[in-house]
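Work through the exercises below with the sequence and the structure at hand, and try each task before reading its solution.

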Amino acid sequence: MSHEVPSRPAIAQLPELVKNQIAAGEVIERPASVVKELVENALDAGAARIHLDLEEGGVALIRIVDDGCGIPPAEIPLAFASHATSKLSDVADLDHIATLGFRGEALASIASVARCRMFSRVRGTPLGASVEVEGGRLGEIRESGGPEGTRIEVRDLFFNTPARRRFLKATATELGRCLDVVQRLALAQPGVGFVVTHDGRRAFEVEPAMDLRARVRRTFGAELADALAPVEVRDGDTVLSGFVAPPRFARNDTTRQMWFLNGRPLRDKILSRVLKDAYRGFIVDGRQSVAFLSLSMDPAKVDVNVHPAKAEVRFRDERRMFGFLVASLRAAVSTIDMATPGERMIDAALRREPSAPVARQFTLPAPAWEPRPEPRERELPVLVREPAPSPASAPTALTASPDLTVAPAATRAQSVRGPLLQVGRTYILQATEDGFEIVDQHALHERLTLEDLKAELARGAVEVQRRLVPELVEVGGAAAELVEPHLEALARIGLLLARFGSGTIAVHGVPARFRRADPAALVHEVIAAVERTGAAPGAEDLLEEILHRTACRSSVMAGDELSELEMRSLLSRAREESNSQTCAHGRPTRVRFTLADLEKAFYRR
Ligand code: ADP
Ligand code: MG
């Protein structure tokens, strides 16, 4: 028998070009990745103006010209060598990276998959030098004249790696991605001017002096830019600044949540979670807020070297950071005017362009007629539609109407005057100082109930309605298992539940405010909340989530006829509440039309 040894290639070092092409596979996927690396280099070089010309979506040509520090002729070969950088010299430097690049791989990678040309002249020196690099082969360095700064041309991307080239998309798509990269960097770096052309036409431009709001306006339009609310807070040497958008700008994805850390655009899950928490209760489930936020902090307190594209970070003190960010942003978000503006509807109906921004100074719901003294002060009576439930009240009480109780003392100062009109048993029309508002009675009452519940919870004073006979709700073993660890916390919000057999939950009592609620539905809300808040939710998170989900069960419904007095007490309670602009699920409670809007609608202007 012959013993055949299968033929086997010997182990060998890869040629430099192949190494660089493999490295390019990590970071250079498409024209937009080249654009990102080149613009970052220009920014690291301290450029104040960056000019970018693209052809065929960047596949045929990417040319970048900057007015940065430049590269001395002798160092040009090194700029194209792999693992060669001027931004890092030893391991310790990795702990406090202040530049956008530091891996020293980008130019080597790009030059291995495209035809490149560079000219560079160091600031303050008389002459520069140029070089050509093709498929990784460095040409001769030639001294030559030219402006201070650096110009790099990248042609025929992936000319020698056809497999990559096949994955490129249509020109418009590649261009879109290039623009997206530039726009993000332009938003991250106020102070730097950008010009982008595509096939000879101007595609994007911001001047160096434009601030963040002006850059958002240029990139995403005036309507968003003018509606943004500013944020500016500091925690030690960490500064958070930027803008949060009103909830009505929410989208299905997080692409307009832009975070910048020391001038570096980030995409990080934890930062999306921060915004989710900051907007909780102001945005409907599944939608994502819009925000432009810049963090400046000591580079030593954050690790950016966790991913080759450097878009993710690790904060050294993540818990503190998270708390600081959520609290600051939530405060900013709650200052936003969340009423749906009638103006937009009128513009759409009349097919008009939105008019020039009138800087609308937002003050919480303007009392309609308050300043005018009434001849005879009429005190609003306390409105209680039914006696408080006795502990033993029968389950039938669950169908009674909700409270619209008003404390008389508070009411006097806050009374809502002027005519009110209920429309479709669902909406309340109310005159404001300069127009009118349409209030969704259910959405508003739900929010007020939520805030009341939270206040009661904080005081430890949740009123419970116990049931003589517990109601048994079949949920299945897995769900019962899920809820069990939270029974004690649930009792604190007045939900007295117990496990009964393997797959059944017994409802022994519910918050008195929930007398309308169907116990089975409540239990299922609890399960959904536990599922949603994740593996081991803190009691506070879980309670808040459940309060949000259940507040609507004890509120006036769309379709409930309200007396004038009830409307008045509802609206005056809203006045006392700092936070009544959205319902517990994040839908707006009001649509507002100003006199100016009406003038527009009637073609008076
Ligand atoms: P990195 O940015 O990680 O250092 P690169 O391969 O992108 O690696 O660039 C290599 C080096 O070339 C940089 O460290 C820098 O010194 C120099 N360089 C690249 N682009 C520019 C530029 N536009 N202006 C000045 N220097 C540059
Ligand atoms: Mg770089």
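**Exercise 1.** Determine whether S33 counts as buried or exposed, and then describe its surroundings in this predicted model.

*Solution.* Begin with the cut-off, by which a residue is buried when its relative accessible area is under 20%. S33 has a relative accessibility of 11%, and therefore counts as buried. Next, place the residue in the chain: S33 belongs to helix α2, which covers residues 31-44. Then follow its side chain, which reaches the backbone nitrogen of E29 at 2.9 Å. Finally, leaving aside residues up to four places away in sequence, S33 touches V27 and I28.

**Exercise 2.** Examine strand β8 and work out how many of its residues are buried, and which strands it pairs with.

*Solution.* Start with the strand itself, which spans residues 193-198 and is mostly covered, with 6 of its 6 residues buried. Taking the two faces in turn, G193, V195 and T197 are buried on one side, while F194, V196 and H198 are buried on the other, so that both faces are covered.

Now turn to the neighbours. Strand β1, made of residues 49-55, pairs with β8 in the parallel sense over 6 bridges, and within this pairing L54 has H198 as its bridge partner. Strand β9, made of residues 201-206, runs antiparallel to β8 and is joined to it by 5 bridges; here V195 has E205 as its bridge partner. As a last step, look at the turn of the hairpin formed by β8 and β9, where 2 residues lie between the strands and D199 takes a positive phi near 45°.

**Exercise 3.** Trace the open sheet that contains β17 and β18, giving the order of its strands, and find the helix that lies across β18.

*Solution.* First, list the strands in order: the sheet has 5 of them, arranged as β17-β24-β20-β19-β18, with mixed pairing. The edges are β17 (340-341) and β18 (420-423), each of which pairs on one side only.

Second, consider one pair inside this order. Strand β20, residues 435-440, and strand β24, residues 590-594, run antiparallel and are joined by 5 bridges. In this pair, F436 of β20 has F593 of β24 as its bridge partner.

Third, add the helix. Helix α18, formed by residues 564-576, lies across β18, β19 (427-432), β20 and β24, and it runs at about 105° to β18.

Methods: Residues numbered from 1 in each chain as written. Chains lettered and ligands numbered in written order. Predicted model: local features only at pLDDT ≥ 70, side-chain atom pairs only at ≥ 80, totals over all residues. Heavy atoms only, no water. Pairing = 2+ DSSP bridges. Helix = DSSP H or I, 4+ residues; strand = E, 2+ residues; numbered from the N terminus. Contact = heavy atoms within 4.5 Å. Axes fitted to C-alpha atoms, helices over the stretch in contact; angles between N-to-C directions. Buried < 20%, exposed > 50% of the residue type's maximum accessible area, 1.4 Å probe, protein only. Polar contact = N/O pair within 3.5 Å; in protein donor to acceptor, adjacent residues only side chain to side chain.
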